[in-house]
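New to this one? Here's a quick tour to get you oriented before you start clicking around.

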Amino acid sequence: MDNDVSAGSTTSTLGHLALGLTLLAYGVGGTGVIDNVAASDAAVLATWVGGVALFVAGLFELHAGNGRTGTAFAGLGAFWFAWGTGSGAGVSAEAGGLFMVLWAMLSLSLTAAASGSGLMTRGVYGLLTLSLLLSGIGAFADASALGRIGGWAAALAGLGAWYGATASLAKWPTLAGRAAGRGPGVTATG
């Protein structure tokens, strides 16, 4: 999603859709706004869509020479697969918090690497970093309010990733004020 949206890579668009849907499911569950729906209810979606599909999209991006997007998708795919398969495994709150904080470090690296990308990409990775940090600290401190705020950050990141990918497909305007895939500086290398 360089310069707000990846214009030519269908793999990148698919990867951002997978990331967006997974973040939305995890985030909405984490907010507690829907009765009887928790973040852990997103485990199956996180395993297969956020985990496997995103990881495979990352491998395709790496093969195509798109190192930044490939690293992001493969790394986040590994995160979602590990989270999805381990969800409900009965680990301690401290172990769960450490897991989230360690993966927040990956997300922070992705945020820093996106400095040359568009606002959409930086926003998605920045909100993901915030979500993971708040969820991790909330687990350490036994503060469910932090987890709910982290859920909102994840949901916003999911909306951003979803919109960016959808804008690429539908040629909708981006935050830069032009249609995705149109105008100078738009690349397919995400």
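Below is a short rundown of a pocket, a core and a helix.

Keep in mind that this is a predicted model. Its largest pocket holds about 750 Å³ of space, and its largest nonpolar core counts 26 residues.

**The largest pocket**
- There are 29 residues lining the largest pocket, and the ones closest to its centre are Tyr-26, Trp-83, Met-100, Ser-135 and Ala-139.
- Helix 1 (10–31), helix 3 (67–86), helix 4 (93–113), helix 5 (119–141) and helix 6 (144–170) each give two or more residues to that lining.
- Helix 4 chips in the largest share, with 6 residues.
- Sorted by class, the lining is made up of 15 polar, 12 nonpolar and 2 charged residues.

**The largest nonpolar core**
- Leu-19, Leu-76, Trp-80, Trp-83 and Tyr-125 are the core members that touch the most other members.
- At least two core residues come from each of helix 1, helix 2 (43–63), helix 3, helix 4, helix 5 and helix 6.
- The largest share of the core, 6 residues, belongs to helix 3.
- Want a single residue to zoom in on? Try Tyr-125: setting aside neighbours within four places in sequence, its contacts are His-16, Leu-19, Ala-72, Phe-73, Leu-76, Ser-107, Leu-110, Thr-111 and Ala-114.

**Helix 1 and its end**
- Helix 1 has 22 residues and spans 31 Å from first C-alpha to last, close to the 32 Å expected at 1.5 Å a residue.
- Right after helix 1 comes Gly-32, which has a positive phi near 80°.

Conventions:
Residues numbered from 1 in each chain as written. Predicted model: local features only at pLDDT ≥ 70, side-chain atom pairs only at ≥ 80, totals over all residues. Heavy atoms only, no water. 1 Å grid on protein atoms, 1.4 Å probe; cavity = no way out; pocket = protein on both sides within 12 Å on 5 of 7 lines; lining within 4 Å. Points joined across faces, edges and corners; volume = space filled by probe spheres on them. Helix = DSSP H or I, 4+ residues; strand = E, 2+ residues; numbered from the N terminus. Nonpolar A, V, L, I, M, F, W, Y, C, P; charged D, E, K, R; others polar. Expected span 1.5 Å × (residues − 1). Core = buried A, V, L, I, M, F, W, Y, C linked by side-chain atoms within 4.5 Å. Buried < 20%, exposed > 50% of the residue type's maximum accessible area, 1.4 Å probe, protein only. Contact = heavy atoms within 4.5 Å.
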